[in-house]
Amino acid sequence: MKAVIMAGGFGTRLHPLSINLPKPMVPLCNRPIMLHIVDLLKKHGISELVILLYFQPETIKKFFGDGSEYGVEITYVTPLEDLGTAGAVKAAARHLDERFMIISGDLLTDFDLTAAIDFHKQKQAQATLALTPVADPLQFGVVITNPAGEITKFLEKPDWGEVFSDTINTGIYILEPEVLELIPEGENRDWSKDVFPLMLERQDPLYGCTLKGYWRDIGNTDAYLETSRDILSGKASVNIEERPAARIDGLYLGAEAIASQESLGMIEGTVVLGDNTRLIGIPKLKNCIIGRNCVIEEGAQLENAVLWDNVYVKANAKITDAVLGQNVRVGVGATVKAGVVVGDDSKIGSGSSINPDVKIWPSKNIENGSIVTSNMIWGETWRRSLFEGAVVKGLTNIELTPEFAAKLGAAYGSTLPKDSFILIGRDALRSSRMLKRAFVGGLLSAGVNVRDVKRVPLPVLRYKLTTFGEVGGVHFRQSARDSIITEIVFFDEQGLELPSAVAKAIERIYYKENFRRVHFSEPGSISELPNLYDYYQDGFLRALDREVLSKAKPRVVIDLNHSPAADLLPSLLNKLGCEVIELNSHIDENHIPPPADEQADALKRMGQIVTALDATAGFWLGPSGERSIFLDGSGKIFSDIEVLTFSTALIAKTRQGGSIAVPIAAPHTLEEIVHEKRLNIIRTKGDGRSLGVAATDKQTYLAGDLEGRIAHTDFQPHFDALFSVVKTLELLARAGETMTNLRAQVPQRPYRKIQLPCSWECKGGIMRLMNEASAELQTTFIDGVKVHLGDDWVLVVPDPYRPLVHILAEAAEEERADSLLVEYREKVEQWLQLLQNPA
């Protein structure tokens with residue numbers, strides 16, 4: 001007698017375990033599920049096998065070969081298309097000229113197949129279905145038989161009102177070859193839905209044989225874990241290839257598996273250790289299946305865990321009721337909780353925690369200290385924190401999904417007073433609108449009211465926050481660096497970027513899912529601010545010398561970048577007497593920023609337009625309205641640092657006394673520019689909040705960063721490219737200067753910067769060694785370690801959000817700046833080697 005093994009399914013419900021393997025090849029007690037089926041068939045005298053393949057057929061062929069290694073003879077059949085369970089068997093009809101059995105390659109059972117075959121013969125049936133009683137028949141096909149075993153009715157996945165029996169179809173059939181004549185050649189047919197109901201209608205001899213014993217359809221990851229537990233408890237009997245350990249009941253050891261005598265004392269229940277697996281020190285294992293070539297370090301605790309091959313579990317990690325695929329790495333002290341499934345080649349960082357029932361797809365990186373609260377399917381990395389400063393960002397609709405946004409909104413709302421108001425806006429993109437709307441739903445669920453300003457330049461939203469009425473604001477925008485990334489920027493009640501303490505409070509609520517859920521009668525409300533632009537324009541115009549601008553009548557080329565600024569800036573410039581040439585002023589919901597090389601070309605073309613029209617200046621605006629790029633009358637493009645030094649020079653030309661706030665890494669040419677004007681350069685940390693706080697001081701006229709963002713504080717203390725464009729024109733007119741002439745007067749010194757890879761674990765050590773190496777030198781510790789070498793300087797600062805360290809240098813001479821950069825690069829690289837490979 002022959003058997004047909006159904007091995008062509010995609011195994012979608014078993015993801016992520018079956019992404020890199022066909023479902024029948026998923027290991028169960030360190031052997032493919034289908035190998036257990038082959039053992040069962042061979043035990044009952046069935047050694048001629050026809051295996052039906054479809055998904056990843058080569059994987060199965062490579063393992064089983066012609067079957068001789070396993071004492072069987074195998075014929076493979078691979079249909080060219082999905083023909084259904086019956087249509088696929090029809091494709092193998094030429095190999096089935098005698099009575100045969102059909103069995104799934106992805107279930108586990110110890111049924112007495114011989115009894116079913118004898119039953120089939122005795123009843124002279126054309127088809128016999130193996131049946132078995134189960135506690136919950138709803139997810140299976142229920143089969144009703146009469147006392148003689150004849151099938152009288154099929155109920156495919158019934159509800160409780162239709163359940164007249166707990167006896168289900170196990171997917172094991174014994175058939176006569178004539179049954180295949182009922183299946184059209186090359187057409188999709190299913191046994192349960194098409195063929196067996198047809199046989200019932202034709203009153204063909206169709207029987208059900210009820211079998212007792214273990215049977216489990218390994219249809220999803222929960223069933224996989226339950227089946228593994230059944231094997232360890234002895235409820236399911238399978239062939240365990242590892243040998244029983246001498247004098248230790250329940251321990252099975254593969255070839256060259258290594259465990260110390262002390263570690264053996266910490267083993268409880270049934271534990272299987274695959275070939276060449278090592279227990280280092282004294283880990284604790286209870287009821288576990290460990291694959292081949294695994295390493296489990298000192299202090300690790302594993303209970304009801306299934307580890308596939310080549311898994312490394314570091315010291316003090318804890319894994320409970322979870323499955324880890326091949327080549328998974330678990331860091332020191334990491335926690336993997338019940339129901340978790342980790343796909344192949346993933347890395348779980350030290351100190352991280354995977355919450356119950358989370359599924360992690362293959363090749364993912366969970367950063368150290370992360371708390372993973374939801375399935376990780378797309379993207380590559382789960383960060384240990386949501387926020388980078390005041391920003392949450394991720395791949396649009398992949399990492400930042402509507403579901404994520406709703407939870408984030410609920411977490412943020414839970415930190416705010418009930419019935420308070422939040423200002424919320426976005427850029428022009430539809431993806432930002434999609435995520436914003438989901439976020440708003442979360443806020444409302446926490447009892448927070450939303451003032452939705454919809455599509456708006458970010459400086460307008462921040463200006464409104466400087467007044468009273470709202471306890472915070474949020475803006476959704478496309479990242480300027482990568483168009484597939486959305487950024488969610490959070491602000492406090494003053495329009496400053498959210499402080500880190502509040503960001504951490506939001507993170508804690510998000511990860512613990514400890515949301516405030518208000519009574520159904522108390523959700524927040526949504527309202528609009530229809531006069532917001534008028535309010536912004538009034539303040540904008542009051543902060544300018546309109547007479548100076550109207551006399552100068554500057555001609556300006558503005559690239560509005562298809563952004564919401566197009567609704568405001570051209571009309572403001574016209575009101576002030578400027579002649580405006582607009583580029584890209586149509587607001588485009590689908591606009592994707594060009595790559596860097598194309599943007600550089602676009603700026604060159606813009607410079608040509610500025611020159612051809614004899615314009616005073618040109619300005620390119622960033623999509624959110626915070627950043628700008630300057631072009632002088634000759635069409636030359638300013639770098640981001642030149643925007644800062646030029647804006648400082650303008651203040652120095654038109655002001656006496658006061659301060660300018662800049663990051664610690666800003667060039668020291670700024671001091672040269674202002675030294676005769678009694679202006680102070682105040683250096684702060686480089687983040688937006690630190691600069692914003694400095695800008696709120698009444699003596700501060702200007703704040704700027706190293707990314708082309710400028711705040712002229714006589715209007716608002718926040719970065720505002722719309723206002724900086726017009727204020728620049730006003731100050732040029734007041735100073736009687738052209739942009740080209742003033743730019744030529746600004747001193748410049750060689751300025752260099754690089755970044756090096758640096759793991760999170762090494763950052764503190766790098767700063768300690770930098771501090772020790774600079775003990776005899778003049779140093780500043782505002783942000784990183786800055787070493788002053790006369791008029792030259794070097795700054796080494798760890799990146800707060802990425803595994804990098806930055807090195808910046810400025811000197812009077814090109815050669816000196818280059819040599820400083822090389823010197824400190826070599827130092828940092830040596831320190832990294834020392835920290836990574838301690839003696």
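Contact here means heavy atoms within 4.5 Å. Keep that cut-off handy for the exercises below, and keep in mind that this is a predicted model.

**Exercise 1. Get the overall picture**

Task: work out how many helices and strands the protein has, and what share of its residues is buried.

Solution.
- Step 1: Count the elements. There are 22 helices and 52 strands in the protein.
- Step 2: Box it in. Along the principal axes, the C-alpha atoms fill roughly 110 × 65 × 50 Å.
- Step 3: Check burial. Of the 839 residues, 56% are buried.
- Step 4: Look at the surface. About 35100 Å² is accessible, and carbon and sulfur atoms own 48% of that.
- Step 5: Ask how far apart in sequence the contacts reach. Taking contacts with a separation of 6 or more, 58% join residues 24 or more positions apart.

**Exercise 2. Two helices that cross**

Task: find the angle at which the axes of H10 and H12 cross, then name what covers the buried residues of H12.

Solution.
- Step 1: Take helix H10 (residues 458-465) and helix H12 (residues 532-542). Their axes come within 10 Å and cross at roughly 85 degrees.
- Step 2: Classify the angle. The crossing makes H10 roughly perpendicular to H12, because angles of 65 to 115 degrees fall in that class.
- Step 3: List who touches whom. H10 brings Pro 459, Val 460, Tyr 463 and Lys 464, while H12 brings Leu 532, Tyr 533, Tyr 535, Tyr 536, Gly 539 and Arg 542.
- Step 4: Sort that contact by class. You get seven nonpolar residues, one polar and two charged.
- Step 5: Pick out the buried residues of H12, namely Leu 532, Tyr 536, Gln 537, Gly 539, Phe 540 and Leu 541.
- Step 6: See what sits over them. The cover includes H10, strand E36 (449-455), helix H13 (546-552), helix H14 (569-575) and H19.

**Exercise 3. The four-stranded sheet**

Task: give the strand order of the open sheet of four strands, and say which helices pack on it.

Solution.
- Step 1: Read off the order, which is E41-E40-E42-E43, with mixed pairing.
- Step 2: Find the edges. Strand E41 (579-583) and strand E43 (628-631) each pair on one side only.
- Step 3: Get the twist, which averages 20 degrees from one strand to the next.
- Step 4: Zoom in on one pair. E43 and strand E42 (residues 617-621) run antiparallel and are joined by four bridges; one pairing puts Gly 618 with Leu 631 of E43.
- Step 5: Add helix H15 (residues 596-612). H15 packs on the sheet and touches strand E40 (555-559), E41, E42 and E43, with its direction at about 150 degrees to that of E42.
- Step 6: Add helix H19 (residues 721-735). H19 also packs on the sheet, touching E40, E42 and E43, and its direction makes about 170 degrees with that of E42.

**Exercise 4. One serine on an edge strand**

Task: decide whether Ser 628 is buried or exposed, and find its contacts.

Solution.
- Step 1: Place the residue. Ser 628 lies in strand E43.
- Step 2: Check the accessibility. Ser 628 counts as buried because its relative accessibility is 0%, and the cut-off is under 20%.
- Step 3: Skip neighbours within four places in sequence. Ser 628 then touches Trp 620, Val 643, Gly 708, Ala 721 and Ser 724.

**Exercise 5. A covered strand and its hairpin**

Task: find which strands pair with E46, and in which sense.

Solution.
- Step 1: Check cover first. In strand E46 (residues 700-704), five of five residues are buried.
- Step 2: Take the parallel partner. Strand E44 (residues 659-663) pairs with E46 over three bridges, and Ile 660 has Leu 702 of E46 as its bridge partner.
- Step 3: Take the antiparallel partner. Three bridges join E46 to strand E47 (residues 710-712), with Gly 704 partnered by Ile 710.
- Step 4: Inspect the turn. E46 and E47 form a hairpin with five residues between them, and Gly 708 in the turn has a positive phi of about 80 degrees.

**Exercise 6. The five-stranded sheet**

Task: give the order of the five strands and the helix that runs at about 15 degrees to E48.

Solution.
- Step 1: The open sheet goes E48-E52-E51-E50-E49, with antiparallel pairing.
- Step 2: Its edges are strand E48 (751-757) and strand E49 (778-780).
- Step 3: Helix H22 (residues 814-836) is the one you want, lying across E48, E50, E51 and E52.

Technical notes: Residues are numbered from 1 along each chain as its sequence is written. This is a predicted model: local features need pLDDT of at least 70, side-chain atom pairs count only at pLDDT 80 or more; totals for chains, interfaces and linings use all residues. Side-chain values use heavy atoms; hydrogens and water are left out. Axes are lines fitted to C-alpha atoms, for helices over the stretch in contact, and angles run from 0 to 180 degrees between N-to-C directions. Helices (H or I, at least four residues) and strands (E, at least two) are DSSP runs, numbered from the N terminus. Angles under 35 degrees count as roughly parallel, over 145 as roughly antiparallel, 65 to 115 as roughly perpendicular and the rest as oblique. Ala, Val, Leu, Ile, Met, Phe, Trp, Tyr, Cys and Pro count as nonpolar, Asp, Glu, Lys and Arg as charged, and the others, Gly among them, as polar. Two strands pair if DSSP finds at least two bridges between them. Buried means under 20% relative accessible area, exposed over 50%, partly exposed in between (1.4 Å probe, protein chains only). Accessible areas come from the Shrake-Rupley method with a 1.4 Å probe; for residues, only the protein chains shown count as cover.
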